[in-house]
Amino acid sequence: MLSEETAARHGSARDRFVKILDEVRCRHEFRLIGYVVMPEHIHLLLSEPPGKNPSKILQVLKQKVARALLKKPRNVEGGQLWLPFVGSAKEEAHFWQRRFYDFNVWSEKKLKEKLEYMHENPVQRKLVRHPKDWPWSSWAHYAGKGESRIRIDSDRGENVKAAISKKKQNPHP
């Protein structure tokens with residue numbers, strides 16, 4: 001588990017990412033269905049806006065985040081930068097991986113599966129004991145606990161919320 005001090009230090013970079021994500025969402029008019037910001041990677045579930053290329057949108061997001069966060073000192077781990085960025089700015093590394101891994105979600109079942117996987121990620125990594133304890137995710141929205149750090153655009157949330165009540169680790173989509 002992360003100590004409170006470590007979480008606070010790393011949290012400001014995650015908060016900055018979420019703020020930029022919201023700005024890019026508003027500008028490019030995609031719907032944010034789900035997200036989890038991890039120490040060294042991001043999970044996003046978003047819509048494909050009409051007439052726009054999702055790859056270009058992610059390129060804009062990655063550029064804006066890198067510009068904002070590379071102004072701060074950085075820390076290299078495994079050749080890739082962590083969002084917290086503490087350490088020497090002279091270290092050579094890429095902020096983002098060269099590509100992203102996309103997966104088209106066509107059904108409520110697959111939507112629920114992807115959200116469960118995303119929200120469980122901080123628990124699997126032993127960063128927290130329960131998804132409710134990781135504030136940089138859309139878990140609270142789907143658990144009916146209100147919004148987290150960014151508004152979720154899910155009109156399909158009611159179907160997912162109904163499925164949550166049948167799951168043992170309630171509430172967890």
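Which residue lies over the face of Phe103? That would be Lys114, at 4.0 Å from the ring centre. Keep in mind that you're looking at a predicted model. The chain has 173 residues, and 43% of them count as buried. Here's a quick tour.

**The overall layout**

- You'll find 5 helices and 4 strands in the chain.
- Starting at the N terminus, the order of the elements is α-β-β-α-β-β-α-α-α.
- Take the contacts between residues at least 6 apart in sequence: 57% of these join residues at least 24 apart.
- The chain's accessible surface is about 10,100 Å², and carbon and sulfur atoms account for 49% of it.

**The nonpolar core**

- In soluble globular proteins, nonpolar side chains tend to be buried together.
- The largest nonpolar core here has 33 residues, and the ones touching the most other members are Phe17, Leu21, Val24, Tyr35, Leu45 and Leu61.
- Four elements give two or more residues to this core: α1 (4-28), β1 (32-37), α2 (54-69) and α3.
- The top contributor is α2, with 7 residues.
- Let's zoom in on Val24: leaving out residues up to four places away in sequence, Val24 touches Glu29, Phe30, Ile57, Val60, Leu61 and Lys64.

**Aromatic rings and charges**

- To describe a pair of aromatic rings, you give the distance of the centres and the angle of the planes.
- Searching the whole structure turns up just 1 aromatic pair.
- That pair is Trp134 with Trp136, arranged edge-to-face, with 5.0 Å from centre to centre and 70° between the planes.
- Why does this count as edge-to-face? Because the angle between the planes is 70°, and anything over 60 degrees gets that label.
- Both Trp134 and Trp136 are buried.
- Trp136 has another partner too: Arg14 lies over its face, at 4.8 Å from the ring centre.

**Two buried polar residues in loops**

- Ser137 sits in the loop between α3 (108-124) and α4.
- Is Ser137 buried or exposed? Its relative accessibility is 4%, so Ser137 counts as buried.
- The side chain of Ser137 reaches the backbone nitrogen of Trp139, at 3.1 Å.
- Not counting residues up to four places away in sequence, Ser137 also touches Tyr35, Val36, His119 and Ser148.
- Asp153 belongs to another stretch, the loop between α4 (139-142) and α5 (157-164).
- Asp153 has 14% relative accessibility, so it counts as buried as well.
- Beyond its neighbours within four places in sequence, Asp153 is in contact with Arg25, Phe30, Arg31, Leu32 and Ile33.

**Two residues with a positive phi**

- Most residues other than glycine have a negative phi, and most peptide bonds are trans.
- Glu29 has a positive phi of about 55°, even though it isn't a glycine.
- You can find Glu29 in the loop between α1 and β1.
- With a relative accessible area of 59%, Glu29 is exposed.
- Lys126 isn't a glycine either, and its phi is positive too, near 65°.
- Look for Lys126 in the loop between α3 and α4.
- Why does Lys126 count as exposed? Because its relative accessible area is 59%, and the cut-off for exposed is over 50%.

Terms used
Residues are numbered from 1 along each chain as its sequence is written. This is a predicted model: local features need pLDDT of at least 70, side-chain atom pairs count only at pLDDT 80 or more; totals for chains, interfaces and linings use all residues. Side-chain values use heavy atoms; hydrogens and water are left out. Rings of Phe, Tyr and Trp (its six-membered ring) pair if their centres lie within 6.5 Å; planes under 30 degrees apart count as stacked, over 60 as edge-to-face and the rest as tilted. Buried means under 20% relative accessible area, exposed over 50%, partly exposed in between (1.4 Å probe, protein chains only). A charge sits over a ring if NZ of Lys or CZ of Arg is within 6 Å of the ring centre and within 35 degrees of the ring normal. Contact means heavy atoms within 4.5 Å. A polar contact is a pair of N or O atoms within 3.5 Å; within protein, one must be able to donate a hydrogen and the other to accept it, and residues adjacent in sequence count only if both atoms are side-chain atoms. A nonpolar core is a set of buried Ala, Val, Leu, Ile, Met, Phe, Trp, Tyr and Cys residues joined through side-chain atoms within 4.5 Å. Accessible areas come from the Shrake-Rupley method with a 1.4 Å probe; for residues, only the protein chains shown count as cover.
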